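Please look over the sequence and the model shown below before reading on. The briefing that follows groups its remarks by topic.

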Amino acid sequence: MTINVGLVTSEALILGCDSIASSSRPYLNPLRFAKRAADGSLELDAEGRYVATFKYEDLDQVVANAWGGVQKMFPLCDGTKQNETHVAAVTAGLAKLQERTMSSLAAEFRKTMQGPKKRPKHTTVKDVADAFLAYMRQKYGAHYVETGDPVEFQEEIEFLVGGYGNGDSFPSLYRVRVKENNSEPLYAENFKDKSGLAWAGQADSVQRLLRGCDTPLIAELFTVIEETHKSMGEEAVRILNDALTALQAVLPGGINTELPSCPTREAIGKILRRYVLDIDYPNLPLQDAVEFVSFLVRLQAAKAKYALGVPTVGGRIHIGVVTRTEGFRMLNEPELMHKDTGFTHDL
């Protein structure tokens, strides 16, 4: 897993991510789902193998390996003086396709964006995002043809793709999901929202800070409310019927026995929105915006570091900035180094 953050202000797009990649494997405790005979012993088939049945939802994803130093941020389209299209991306989800990293595939894609005079072929962020999605879909399909994994076992790859199109006054940000084959605008110049924050990967700590609760908690809350309302209604009917039976009575006509309706998700959503952190995203100074994105990535990394289990977020924090005049640049990136030069001081 990973943490991706994309912040759109009125003057720049700031991207942030961690640098740990992890691989996971589906895990199933066979004893929970093994068939048992009448005496309690485990059933065997004709070849002496244990018999177990399970649903896809019964599988758990367990982290099998994690490594650092991974580059999850990269440019997709380099602008020129003739065409000022600057687009970059960060990635979450599956780390490799056919043993190639996302940064390697992005570098290959970036070459396809240049025309004969090294001008970008596309002039809008949407065009670049859609072209990148089509390119990654081909790689994705070829990868799973090789593995033979059924669709339900295929992992998603998600990108936050953004920057400036040629002549754009404001940056744009898109969410690209390869498995879903979907490119969704989040913030754009001619869209309902021009600025704001988005995230991908593991972001529960970020959501809790900004929204007061995270997506799994909200989903569970809705489920509990709806199930409780249903069970209370059924129990009220049972009590009423038992009372009428004991009294040997019949409910008089004209009595409204309907319970109040369950609070709608929209009504609950209004309550939750009261706890959203109020931030003036469009007017954040550029330095503040950079520090804010870095803080959010570090917040998620801190949770992974101190919680039990294998850390799947962490390592070096990478920050990239896209502006209309300077294009895409990554901040304070280390150079490759070689320190172990041997036991002598010869030149």
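**Helix 5 and its surroundings**

In helix 5, the residues that count as buried are Ile218, Phe222, Gly233 and Leu244, where buried means under 20% relative accessible area, exposed means over 50% and partly exposed lies in between, with a 1.4 Å probe and protein chains only. This is a predicted model, in which local features need pLDDT of at least 70 and side-chain atom pairs count only at pLDDT 80 or more, while totals for chains, interfaces and linings use all residues. Residues are numbered from 1 along each chain as its sequence is written, and side-chain values use heavy atoms, with hydrogens and water left out.

**Helix 5: span, packing and ends**

- Helix 5 covers residues 215-247, and its 33 residues reach 48 Å from the first C-alpha to the last, close to the 48 Å expected at 1.5 Å a residue, the expected span being 1.5 Å times one less than the number of residues.
- Helices (H or I, at least four residues) and strands (E, at least two) are DSSP runs, numbered from the N terminus.
- The buried residues of helix 5 pack against helix 6 (265-273), with contact taken as heavy atoms within 4.5 Å.
- At the start of helix 5, a side-chain oxygen of Asp214 comes to within 2.9 Å of the backbone nitrogen of Leu217, and after the helix comes Gln248, whose phi is positive, near 50°.

**Strand 9 and its partners**

- Strand 9 (residues 157-164) is mostly covered, with eight of its eight residues buried.
- From strand 9, Ile157, Phe159, Val161 and Gly163 point one way, whereas Glu158, Leu160, Gly162 and Tyr164 point the other way.
- In a regular strand the side chains alternate between the two faces of the sheet.
- Strand 6 (residues 86-93) is joined to strand 9 by eight bridges and runs antiparallel to it, and Ala88 has Gly162 as its bridge partner in strand 9.
- Six bridges join strand 9 to strand 10 (residues 172-177), again in the antiparallel sense, and the bridge partner of Glu158 in strand 10 is Arg177.

**The five-stranded sheet**

- An open sheet of five strands follows the order 12-1-2-13-14 with antiparallel pairing, two strands being paired if DSSP finds at least two bridges between them.
- Its edge strands, each pairing on one side only, are strand 12 (196-201) and strand 14 (327-330), and the twist averages 15° from one strand to the next.
- Helix 4 (residues 204-211) packs on this sheet, touching strand 1 (3-8) and strand 12, and its direction makes about 155° with that of strand 12; axes are lines fitted to C-alpha atoms, for helices over the stretch in contact, and angles run from 0 to 180 degrees between N-to-C directions.

Note on methods. A polar contact is a pair of N or O atoms within 3.5 Å; within protein, one must be able to donate a hydrogen and the other to accept it, and residues adjacent in sequence count only if both atoms are side-chain atoms.
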